[in-house]
Each structure stands twice: as structure tokens, then as C-alpha cells.
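User: I would like a close look at one part of this chain, starting from a single cysteine and working outward.

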Amino acid sequence: MKNQRHKRKEIYSVLMVSNTDGKSRQFQISAFTLRFCAGFVAALCLVIGWLIYQASVADGVRQVLRQEVASLKEQLTALETEREDLTKDKLTLAAENEALRRQTEAAEEVPEEAPQEEAPEEAADPALPSLYPSDGAGILKTAYSEEQPYIAISAYTDGHIIAAGNGTVTAVTSDDTYAHIVEIEHEGGYKTRYLLHQDCEVNTEEGAQVEAGDTLLTITSDDCQLDYQVLLNDEPVDPLTVIDAKG
């Protein structure tokens with residue numbers, strides 16, 4: 001008969017001695033268990049290290065993205081400022097061009113040709129809201145667009161907001177955005193709305209009949225903003241298409 005060889009298991013003894021009462025305990029652990037525990041700890045350390053590395057990489061990516069977003073915001077702000085400046089220049093040039101055109105037309109008119117024929121035409125037009133809505137020094141701040149169906153005009157102390165044409169005051173109100181809102185109904189389907197952001201002196205009332213140039217509001221503080229809107233058959237139109245430019 002062949003002699004059977006018995007494999008011996010490697011077993012390690014761990015002796016733990018208390019430093020207070022002097023008692024000791026002895027534990028036995030197999031080599032396999034010890035290797036398994038060591039391998040588990042090593043694998044756990046690798047996983048933790050990998051997670052820390054990924055977190056640091058992700059943080060670096062986030063910082064780069066934040067810097068790119070900040071740079072894009074700065075560029076967008078610069079472009080918006082440039083667009084506003086170009087819009088103001090465009091409005092100023094349009095007003096100057098209109099003034100030069102009218103001066104040229106006036107110079108070409110022949111005085112001898114019956115001015116009485118033109119007077120009835122001018123007398124028939126007061127209902128058309130063709131006047132500039134402010135008689136004081138003012139600057140066009142923003143132009144008409146589909147998103148902003150009105151023009152914004154700056155106004156200053158002692159200036160007046162005037163009726164752009166003959167008509168009937170149909171509303172004198174206010175809301176959360178505007179301190180004063182005056183609406184005038186004109187002939188030919190036209191309506192004008194004068195929307196002032198700041199408080200001022202009101203010089204008209206609902207139901208009043210006004211003529212072109214009559215004072216509606218008196219400005220009592222500097223740097224006020226008037227939003228001026230023209231509607232034709234309840235649809236907004238660009239006020240510059242009906243305004244007689246006055247500089």
C-alpha cells in the first residue's frame with residue numbers, strides 16, 4: 001500500500017496582550033486567509049487611489065470649463081456693448097440724414113408756387129402722430145424691434161412729453177413697470193402710447209381732447225426714460241416711420 005501524504009496547512013498564531021490587565025489572547029489564522037486579507041486590502045487601496053485620481057481629473061476639467069465659460073461671458077458682454085453703440089450711432093445718423101433731407105427739400109421749394117396749396121395738406125395732417133414726443137433735449141436710446149415694439153428716449157428735468165398728433169386721451173394709468181402711461185387715439189386707426197418709467201407731473205386727463213404739441217407730462221427729474229409706441233389698427237409700427245425728425 002502506498003503511504004498517503006497529508007498536506008500540512010500553514011497556520012499563523014497571533015498573540016494579543018492587553019497593556020492594562022496583562023491578559024493575553026491567541027488567535028490562529030491560516031495562510032490562505034491571511035493572503036486573502038492582504039490581497040483584499042491591496043485591491044481596496046488601488047480602488048481608492050483610482051477614485052481619487054478620477055476625482056482630481058474631473059476637478060481639473062471643471063476648472064477649465066469654468067474658465068472657458070467666464071471668457072465667453074466676457075466676450076458676449078463686449079459684443080453686446082458694441083451692438084448697443086452701433087445701434088445708437090445708426091439712430092443718430094438716421095436722424096441727421098432725415099434732417100438734411102428735409103433741409104434739401106425745403107431749399108429746393110420755389111417760394112412763388114402758391115404756398116396756400118400746401119397749407120391745407122399740413123392742416124389735414126395734425127391727426128397723424130408725426131411729431132417727436134419730447135420737446136426737450138433727448139437721445140434715442142434703443143430702436144424699434146419685434147422684441148421691443150417701441151423706441152426708448154431719454155428725457156431730462158423741465159422737458160415735456162407732448163402729444164404727437166391731434167386726438168383723444170383714452171387712458172391715464174400706471175402699472176408695475178411704468179409710473180405713468182398715457183394713451184391717445186388719433187384718426188386713421190393710429191394710437192400713441194407714452195410710457196414713462198419715473199414719476200413726473202401729469203398735465204392731462206382721460207377724455208381730454210388734445211392737439212399736436214400739447215403737453216401731456218412734465219419731467220421733474222433727470223435721466224428719465226420714455227418708451228414711445230405707435231400702433232396702427234392695434235398693431236405696433238416703427239415710430240420713426242411716422243415721426244417728423246426734429247433732431
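Is Cys224 buried or exposed? Please go on from there to the strands around this part and the side-chain pairs they hold.

Analyst: This is a predicted model. Cys224 counts as buried, because its relative accessibility is 1% and the buried class covers values under 20%. The disulfide count is zero. Cys224 is accordingly in no disulfide, and the nearest cysteine sulfur, that of Cys200, is 7.2 Å away; a disulfide would need the two sulfur atoms within 2.5 Å.

Strand 12 covers residues 224–232 and also holds Tyr228. A search of the whole structure gives one aromatic pair. In that pair, the ring centres of Tyr194 and Tyr228 are 5.3 Å apart, and the pair is classed as tilted because the planes meet at 40°. Tyr194 belongs to strand 8 (residues 190–196), so the pair ties together parts that are 34 residues apart in sequence. Tyr194 is buried at 0% relative accessibility, and Tyr228 is buried with a relative accessible area of 0%.

Strand 8 also takes part in salt bridges, of which the whole structure has four. One of them joins Lys191 and Asp234, with N to O at 3.3 Å. Lys191 is in strand 8 and Asp234 is in the loop between strand 12 and strand 13 (235–237), so this pair ties together parts that are 43 residues apart in sequence. Lys191 is partly exposed, with a relative accessible area of 24%, while Asp234 is exposed at 52%.

Another salt bridge links Glu183 and Arg193, at 3.4 Å from N to O. Here Arg193 is the residue in strand 8 and Glu183 lies in strand 7 (residues 180–185), so the pair ties together parts that are 10 residues apart in sequence. Glu183 is buried, with a relative accessible area of 18%; Arg193 is partly exposed at 24% relative accessibility.

For a view beyond this part, helix 1 has a salt bridge of its own: Arg62 and Asp59 both lie there, three residues apart, about one turn of the helix. Their closest N and O atoms are 3.7 Å apart. Arg62 is partly exposed at 41% relative accessibility, and Asp59 is partly exposed at 31%.

As for the whole chain, the secondary structure comes to two helices and 13 strands. Buried residues make up 22% of the 247 residues. Among contacts between residues at least 6 apart in sequence, 58% join residues at least 24 apart.

Notes. Residues are numbered from 1 along each chain as its sequence is written. This is a predicted model: local features need pLDDT of at least 70, side-chain atom pairs count only at pLDDT 80 or more; totals for chains, interfaces and linings use all residues. Side-chain values use heavy atoms; hydrogens and water are left out. Helices (H or I, at least four residues) and strands (E, at least two) are DSSP runs, numbered from the N terminus. Buried means under 20% relative accessible area, exposed over 50%, partly exposed in between (1.4 Å probe, protein chains only). Contact means heavy atoms within 4.5 Å. Rings of Phe, Tyr and Trp (its six-membered ring) pair if their centres lie within 6.5 Å; planes under 30 degrees apart count as stacked, over 60 as edge-to-face and the rest as tilted. A salt bridge is a side-chain nitrogen of Lys or Arg within 4 Å of a carboxyl oxygen of Asp or Glu.
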